[in-house]
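Dear colleague,

I am handing over the structure we spoke about, and would ask you to look through it before reading my notes.

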Amino acid sequence: MEPIVNKNNLHCFAVAATELPLALLLEADPDVAHINSYLSRGQGYGVALNGETVAVAVSVPLTTTSAELINIAVSPSYQQQGIGAMLLRFVIASLRQQGCQRIELGTGTFGHQLTFYQRHGFRVDKVLKNHFIENYPEPIWESGIQHQDMLWLTLNL
Ligand SMILES: CC(C)(COP(=O)(O)OP(=O)(O)OC[C@H]1O[C@@H](n2cnc3c(N)ncnc32)[C@H](O)[C@@H]1OP(=O)(O)O)[C@@H](O)C(=O)NCCC(=O)NCCS
């Protein structure tokens, strides 16, 4: 498939996490209450295409030298064109520049998202059994599979 995005028209930016479009944040995290619990303490990042935000990410500090990548999402019509990878590289570079030495994240899918993170050097750290069952009010489904356990990944910078 021919890419529909001209890479020259894309640019990454950092912004207050509260400024990011909720509709995109919900692509990665379907729980509005959970999203609201971290936005005010988060650092926001985005990718703009001709002025439109087509991808978002949020990191939150864990310690003075580590951060959690708590949300990353690309608008569905722009996925699989390298925009997520571009944004992830930008987040990693931004955090590294701020003195961050370790990025952590949790994912409920062991499919293409896992490949996506592993390509950028993330390693599996642990499995949090029943995390999605015990911490989310509604069951979360993807590709016909209910999220149950959370896979915790880390990247040392
Ligand atoms: C995960 C996500 C951010 C990836 O962004 P993206 O722009 O689609 O990804 P990219 O085009 O940069 O792809 C980079 C790599 O990711 C993998 N990948 C991404 N989407 C994939 C898909 N649907 N199927 C298979 N592999 C995929 C591939 O390994 C790809 O490598 P390639 O370039 O060699 O094909 C995006 O799919 C998304 O927003 N998903 C919904 C929200 C979500 O699941 N967020 C993460 C929660 S843990």
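What follows is a description of the sheet, one helix and the aromatic pairs.

Please note that this is a predicted model, in which local features need pLDDT of at least 70 and side-chain atom pairs count only at pLDDT 80 or more, while totals for chains, interfaces and linings use all residues. Residues are numbered from 1 along each chain as its sequence is written, and side-chain values use heavy atoms, with hydrogens and water left out.

Seven strands (strands being DSSP runs of E, at least two residues, and helices runs of H or I, at least four, numbered from the N terminus) make up an open sheet of mixed pairing, in the order β1-β2-β3-β4-β5-β9-β6. Strands β1 (10-16) and β6 (123-128) stand at its edges with a single partner strand each, so one side of each has no neighbour in the sheet. Two strands count as paired if DSSP finds at least two bridges between them; β4 (residues 66-74) and β5 (residues 102-107), which run parallel, are joined by three.

Helix α3 (residues 83-97) has 15 residues and should span 21 Å at 1.5 Å a residue, which agrees with the 21 Å between its end C-alpha atoms; the expected span is 1.5 Å times one less than the number of residues.

There are four aromatic pairs (ring centres of Phe, Tyr or Trp, the last by its six-membered ring, within 6.5 Å; planes under 30 degrees apart are stacked, over 60 edge-to-face, the rest tilted) in the structure. Tyrosine 45 and phenylalanine 90 form an edge-to-face pair, at 6.2 Å centre to centre and 85° between the planes. Tyrosine 45 belongs to strand β2 (residues 43-49) and phenylalanine 90 to helix α3, so the pair ties together parts 45 residues apart in sequence.

Best regards
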